[in-house]
Amino acid sequence: RVIVTTLADYLGNVFGHLQIAVAPRGVDMMAGTHEIVAHVPLATMFNHANAIRSFSQGWATVSMHLTH
């Protein structure tokens with residue numbers, strides 16, 4: 001499970017990237033930021049993390065939580 005926290009300005013770019021790669025589970029809005037929850041295979045996560053940071057000009061954070 002991955003949680004991406006980003007500003008509203010970059011939500012479209014980050015969400016669009018995740019939609020192409022994996023199916024996001026949902027978006028939560030919290031005080032000017034948005035949290036996107038998705039299930040991403042660990043083998044591809046590091047590529048996604050770099051792309052997400054690039055799309056958000058370094059403003060997004062990516063948190064990985066192992067699940068089975």
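**View 1. Meeting the terms and the whole chain.** A residue is called exposed when its relative accessible area is over 50%, and buried when that value is under 20%. With that in hand, welcome to this predicted model. The protein chain has two helices and four strands, and from the N terminus on they follow the order β-α-β-β-α-β. Its radius of gyration is 11 Å, close to the 11 Å that the globule rule gives for 68 residues, so the chain is as compact as a globular protein of that length. Along the principal axes, the C-alpha trace spans about 30 × 20 × 20 Å. Buried residues account for 34% of the 68 residues. The accessible surface comes to about 4300 Å², and carbon and sulfur atoms hold 57% of it.

**View 2. The two sides of helix α1.** Helix α1 takes in residues 11–21, and its buried residues are L11, V14, H17 and L18. Why do they lie on the same side of α1? They cover an arc of only 145 degrees around the axis, which puts them together on that side. On the face turned away from the buried side you will find the exposed residues G12, Q19 and I20. What covers the buried residues of α1 includes the strands β1 (2–7), β2 and β3, along with helix α2 (42–55).

**View 3. Inside the largest nonpolar core.** Here we look at a group of 14 residues. Which of them touch the most other members? They are V4, V14, L18, I36, V40 and I52. The core draws on several elements, with β1, α1, β3 and α2 each supplying at least two of its residues. Two names will be familiar from the previous view, since V14 and L18 are among the buried residues of α1.

**View 4. Strand β1 and its two partners.** β1 and β3 pair in the antiparallel sense, over six bridges. Strand β4 (residues 61–64) also runs antiparallel to β1, and four bridges join these two. To follow each pairing by eye, start from T6, whose bridge partner in β3 is H34, and then move to V4, whose bridge partner in β4 is V62.

**View 5. The neighbours of V4.** Leaving aside residues up to four places away in sequence, V4 touches V14, L18, H34, E35, I36, I52, A60, T61 and V62. Contacts that reach along the sequence are a feature of the chain too: among contacts with a separation of 6 or more, 60% are between residues 24 or more positions apart.

**View 6. H34, a residue in strand β3.** H34 lies in β3, which covers residues 33–38. Is H34 buried or exposed? Its relative accessibility is 10%, so H34 counts as buried. Beyond residues up to four places away in sequence, H34 touches V4, T5, T6, L7, A8, L11, V27, D28 and M29. One of these, T6, is also its bridge partner, and another, L11, belongs to the buried residues of α1.

**View 7. A31, out on a loop.** Where does A31 sit? Its place is in the loop between β2 (24–30) and β3. A31 has a relative accessible area of 85%, so this residue is exposed. Look also for A60, which is 29 residues away from A31 along the chain; the C-alpha atoms of A31 and A60 are separated by 15 Å.

Terms used: Residues are numbered from 1 along each chain as its sequence is written. This is a predicted model: local features need pLDDT of at least 70, side-chain atom pairs count only at pLDDT 80 or more; totals for chains, interfaces and linings use all residues. Side-chain values use heavy atoms; hydrogens and water are left out. Buried means under 20% relative accessible area, exposed over 50%, partly exposed in between (1.4 Å probe, protein chains only). Contact means heavy atoms within 4.5 Å. The arc is that of the directions from the helix axis to the C-beta atoms. The radius of gyration is taken over C-alpha atoms; the globule rule is 2.2 Å times the number of residues to the power 0.38. Accessible areas come from the Shrake-Rupley method with a 1.4 Å probe; for residues, only the protein chains shown count as cover. A nonpolar core is a set of buried Ala, Val, Leu, Ile, Met, Phe, Trp, Tyr and Cys residues joined through side-chain atoms within 4.5 Å. Two strands pair if DSSP finds at least two bridges between them.
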